[in-house]
Amino acid sequence: MHDRHDATLVGTHCQYEYCNQLDFLPFRCQSCDHTFCLDHRTETSHKCTKAGAWAERKRKAQLAQPVIGAGKTLNDRVSQKPCASPACKTTVGTSLTPGVHCSSCNRDYCLKHRLKEEHDCKNLVPIGARPIQIDVAQKTKSVMDRFKAWGTKQKEQAGRALPKPKPSSAAARVAAVNQLKKTAKGDAKLAPEKRIYLKVEAEAETAKAKFPKGEFFYSQDWVVGRVLDAAAKSLQVQNVNNQSAKEEDKLRVFHVEGGRVLEFNEKVGSALQSGNTIVLLRGVGPAQEDLITM
């Protein structure tokens, strides 16, 4: 049994390897939670296995506290980077200079430029923001404006208003389709019972089409997107639908008789009939229902 006054029962041995010195005023490392003597109290001197852990905990605690007058909290997700203000050279995201994330423009700033008026937030486009979505009414108006412009241009060139009025009788419609069958071009191998005969035109501003219009037949089993590709090739209209994600670059198919923009995946046999007219338009937006109600 040890003597109660034995010196080894008082104090703590340094836990640094090869030291083991008995220290009556030991230091506890806040990172690795081990005890060390005066000489090995710092993380560097005892080669701490969790160096920086204490400083990181302290930084997180500071980040969780509101910034006075900012109306925000410091964002713990701000990584080390320059302040987003162009004229500022401060590095944010460090233990000494935490960054402030602005949720409006989605950028990180130093404390000096954290306020919206300090970094001209209202004139910045948010990082990662999607293009502003135009409401349905505006899209519809856009399509109609484009269609009216197309009709006016055709009227000036051909001396007639478009779209052409439908034949007044079933017999007249049959006669018109029979006439179309004589002039329409297409794949001769396609069975006659599978053919849909259409009049195809390209809007003047869609592209510099070498052939602004034509008469063609397509398979009733095709989807509208395939008809668009074939028609654009026949009229020599630039088609970048598979190369650009921008709606203003995309070609769309406008069905004159139906008064609407067709979906790419619609079946030709369901959406169109022989004798119908379709127009290739660019940048009119996704398909909308009932654009013409007259």
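Helices and strands here are DSSP runs, numbered from the N terminus, with at least four residues for a helix (H or I) and at least two for a strand (E). With that in hand, here's a quick tour of this predicted model. The protein has five helices and 13 strands, and 35% of its 294 residues count as buried. We'll start with the overall picture, move to the five-stranded sheet, and finish with some loop residues worth finding on the screen.

**The overall picture**

- The accessible surface of the protein adds up to about 19,100 Å², and carbon and sulfur atoms account for 52% of that.
- Take the contacts between residues at least 6 apart in sequence: 50% of them link residues at least 24 apart.

**The five-stranded sheet**

- Five strands make an open sheet in the order 10-9-13-11-12, and the pairing is mixed.
- Strand 10 (213-219) and strand 12 (260-261) sit at the edges with a single partner strand each, so each has one side without a neighbour in the sheet.
- As a bit of background, strands of a sheet pair through backbone hydrogen bonds, and they can do this parallel or antiparallel.

**Strand 11 and its partners**

- Strand 11 covers residues 251-255 and pairs with strand 12 in the antiparallel sense, over two bridges.
- Across that pairing, Phe254 stands opposite Val261 of strand 12.
- The two strands form a hairpin with four residues between them, and Gly259 in the turn has a positive phi of about 65°.
- Strand 11 is also antiparallel to strand 13, and five bridges join the two.
- One of the matched residues is Val253, whose bridge partner in strand 13 is Leu280.
- How much of strand 11 is covered? Mostly covered is the description, since five of its five residues are buried.
- In general, side chains in a regular strand alternate between the two faces of the sheet.
- Here, Leu251, Val253 and His255 point one way from strand 11, while Arg252 and Phe254 point the other way, and all are buried.

**Helices lying across the sheet**

- Helix 3 (residues 170-183) lies across strand 9 (195-202) and strand 10, and runs at about 80° to strand 9.
- Helix 4 (residues 224-235) lies across strand 9, strand 10, strand 11 and strand 13 (277-282), and runs at about 145° to strand 10.

**Ser219, in an edge strand**

- Ser219 belongs to strand 10, which is one of the two strands at the sheet edges.
- Is Ser219 buried or exposed? Ser219 is buried, because its relative accessible area is 6% and the cut-off for buried is under 20%.
- Setting aside neighbours within four places in sequence, Ser219 is in contact with Leu190, Lys194 and Val268.
- The C-alpha atoms of Ser219 and Ala191 are separated by 8.6 Å, although the two residues are 28 residues apart along the chain.

**Leucines out in loops**

- Leu25 is placed in the loop between strand 2 (22-23) and strand 3 (27-28).
- With a relative accessible area of 67%, Leu25 is exposed, because anything over 50% counts as exposed.
- Leu25 joins Val10 and Phe24 in a nonpolar patch on the surface, and together they have about 330 Å² of accessible area.
- Leu96 is placed in another loop, between strand 6 (91-92) and strand 7 (100-102).
- Leu96 counts as exposed too, at 78% relative accessibility.
- The C-alpha atom of Leu96 is separated by 8.3 Å from that of Arg59, which is 37 residues apart from Leu96 along the chain.

**Positive phi outside glycine**

- Most residues other than glycine have a negative phi, and that's the backdrop for the next two residues.
- Tyr18 isn't a glycine, yet has a positive phi of about 75°.
- Look for Tyr18 in the loop between strand 1 (12-13) and strand 2, where Tyr18 is exposed with a relative accessible area of 80%.
- Gln236 also has a positive phi, near 55°, and is likewise a residue other than glycine.
- Where does Gln236 sit? Gln236 is found in the loop between helix 4 and strand 11.
- Why does Gln236 count as partly exposed? The relative accessible area of Gln236 is 42%, which puts Gln236 between the cut-offs of under 20% for buried and over 50% for exposed.

How values were computed. Residues are numbered from 1 along each chain as its sequence is written. This is a predicted model: local features need pLDDT of at least 70, side-chain atom pairs count only at pLDDT 80 or more; totals for chains, interfaces and linings use all residues. Side-chain values use heavy atoms; hydrogens and water are left out. Patches are made of residues with over 30% relative accessible area and no salt bridge: like charges are joined within 9 Å, nonpolar side chains (Val, Leu, Ile, Met, Phe, Trp, Tyr) within 5 Å. Accessible areas come from the Shrake-Rupley method with a 1.4 Å probe; for residues, only the protein chains shown count as cover. A salt bridge is a side-chain nitrogen of Lys or Arg within 4 Å of a carboxyl oxygen of Asp or Glu. Buried means under 20% relative accessible area, exposed over 50%, partly exposed in between (1.4 Å probe, protein chains only). Two strands pair if DSSP finds at least two bridges between them. Contact means heavy atoms within 4.5 Å. Axes are lines fitted to C-alpha atoms, for helices over the stretch in contact, and angles run from 0 to 180 degrees between N-to-C directions.
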